[in-house]
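Here is a short briefing for a first look at this structure. Take it in topic by topic.

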Amino acid sequence: AFTVDVKSVANKQIPCHPEQKMLDAFLRRGEWIPNSCNQGTCGTCKVKVLSGTVAHPPTPDSVLSYQEQEEGFVLTCQSVPTSDVVIAVPAADKPSSTGHLLRDMTATVLQMQTTATDTLTISVGIDEPLEFSAGQYVELAIPGTNDVRQYSMANPPSQSNVLEFHIRRQPGGLATDAWIFDSLTAGDAINLTGPWGDFVYDDDDDETGMILLAGGTGLAPLKSIALHALTVNPQREIHLYHGVRRSADLYDVEFWESLARNYSGVRYVPCVSREHWSGRTGYVGDAMLADFDSCRNYSGYLCGPPAMVDAGVKAFKRKRMSARRIRREKYTPAP
Ligand code: FES
């Protein structure tokens with residue numbers, strides 16, 4: 001193994017195998033490097049190589065600018081060391097309560113339930129509890145391939161032996177069509193790695209009201225975040241907007257309705273954008289804009305398709321939510 005020496009942290013030497021991505025090596029030691037997509041598309045995990053060499057696939061200019069690439073910046077989620085390396089990690093806000101050990105697990109499928117059109121809720125059991133922060137995700141290995149798919153935990157961290165995932169079928173998808181919706185059944189073993197990501201509940205904001213905007217199965221991490229927030233403070237003001245195209249795509253309706261009945265601070269607003277129905281129509285960002293005069297004293301969490309997340313962030317800013325209180329995760333469907 002080579003060592004990766006982190007300059008910004010005194011005496012921090014991380015062993016890294018020649019085929020191991022540097023981010024993987026760090027997280028398995030519980031050393032925090034900002035990261036989000038683990039796919040080379042967000043740029044969050046960049047570091048500057050001060051000495052030594054690393055190998056990595058070509059990085060698009062949109063993820064790391066040519067200037068950054070010239071200056072020696074690389075993505076740790078894509079790079080493997082080819083010698084001992086010294087790196088500098090750009091200063092970044094460490095999200096609260098990350099830094100859990102990344103590890104490989106084998107899980108057993110306990111239950112699979114169709115909850116809406118082309119949508120499954122799956123729960124899996126793991127032998128050793130998984131420590132994670134509400135909002136994080138794991139990668140499921142697709143059997144017979146080297147591919148993985150990312151799914152956020154919908155269960156709160158306090159429920160660490162049984163993980164819940166919300167999975168939407170992608171027509172023709174290697175993971176969903178050809179495996180999960182086709183042949184996966186209760187009792188099957190699946191291999192997972194996690195936890196990943198920095199879309200997490202921020203415990204600096206324990207007192208502020210929260211507005212959660214979800215699109216489709218982007219509901220999963222927000223369910224984890226809401227349940228965790230209520231464990232910390234059962235009086236917490238939480239507004240959950242769930243956007244889908246058609247009313248048949250809504251799921252977990254009873255769960256959220258009963259949460260709203262049992263916790264006085266919880267409000268549930270399902271929104272349907274492509275058909276008329278008995279409830280709110282339109283996009284979640286627009287529904288939120290109509291409901292709030294000001295978001296100055298709220299924190300915002302968004303998860304869903306990129307266009308929904310971008311529109312929601314804009315809507316929060318229009319209502320004066322401070323940028324540091326906005327946390328987001330974009331779900332981009334894999335083939
Ligand atoms: Fe997104 Fe590495 S580019 S985590």
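**Sheet and cores at a glance**

Serine 123 stands across from glutamate 164, which belongs to strand 12. The model is a predicted one. The points below start with the strands around this pair and then turn to the nonpolar cores.

**The open sheet**

- Strand 9, residues 119–126, pairs with strand 12 in the antiparallel sense. Seven bridges join strand 9 and strand 12.
- Six strands make up an open sheet, and the pairing is antiparallel. Their order is 11-10-13-8-9-12.
- Strand 11 (148–152) and strand 12 (162–168) stand at the edges. Each has a single partner strand, so one side of each has no neighbour in the sheet.
- On average, neighbouring strands of this sheet are turned by 40 degrees against each other, direction ignored.

**The helix on the sheet**

- Helix 4, residues 219–232, packs on the sheet. Helix 4 touches strand 11 and strand 12.
- The direction of helix 4 makes about 150 degrees with that of strand 12.

**The nonpolar cores**

- In soluble globular proteins, nonpolar side chains tend to be buried together.
- The largest nonpolar core here has 27 residues. Leu23, Phe26 and Ile87 touch the most other members.
- Two or more residues of this core come from each of strand 1 (2–6), strand 2 (12–16), helix 1 (22–28), strand 3 (46–51), strand 5 (73–75) and strand 7 (85–88).
- Helix 1 gives the largest share of this core, five residues.
- Another core, of 23 residues, lies apart from it. Among its members are Met105, Met153, Leu184 and Ile190.

Methods. Residues are numbered from 1 along each chain as its sequence is written. This is a predicted model: local features need pLDDT of at least 70, side-chain atom pairs count only at pLDDT 80 or more; totals for chains, interfaces and linings use all residues. Side-chain values use heavy atoms; hydrogens and water are left out. A nonpolar core is a set of buried Ala, Val, Leu, Ile, Met, Phe, Trp, Tyr and Cys residues joined through side-chain atoms within 4.5 Å. Buried means under 20% relative accessible area, exposed over 50%, partly exposed in between (1.4 Å probe, protein chains only). Helices (H or I, at least four residues) and strands (E, at least two) are DSSP runs, numbered from the N terminus. Two strands pair if DSSP finds at least two bridges between them. Axes are lines fitted to C-alpha atoms, for helices over the stretch in contact, and angles run from 0 to 180 degrees between N-to-C directions. Contact means heavy atoms within 4.5 Å.
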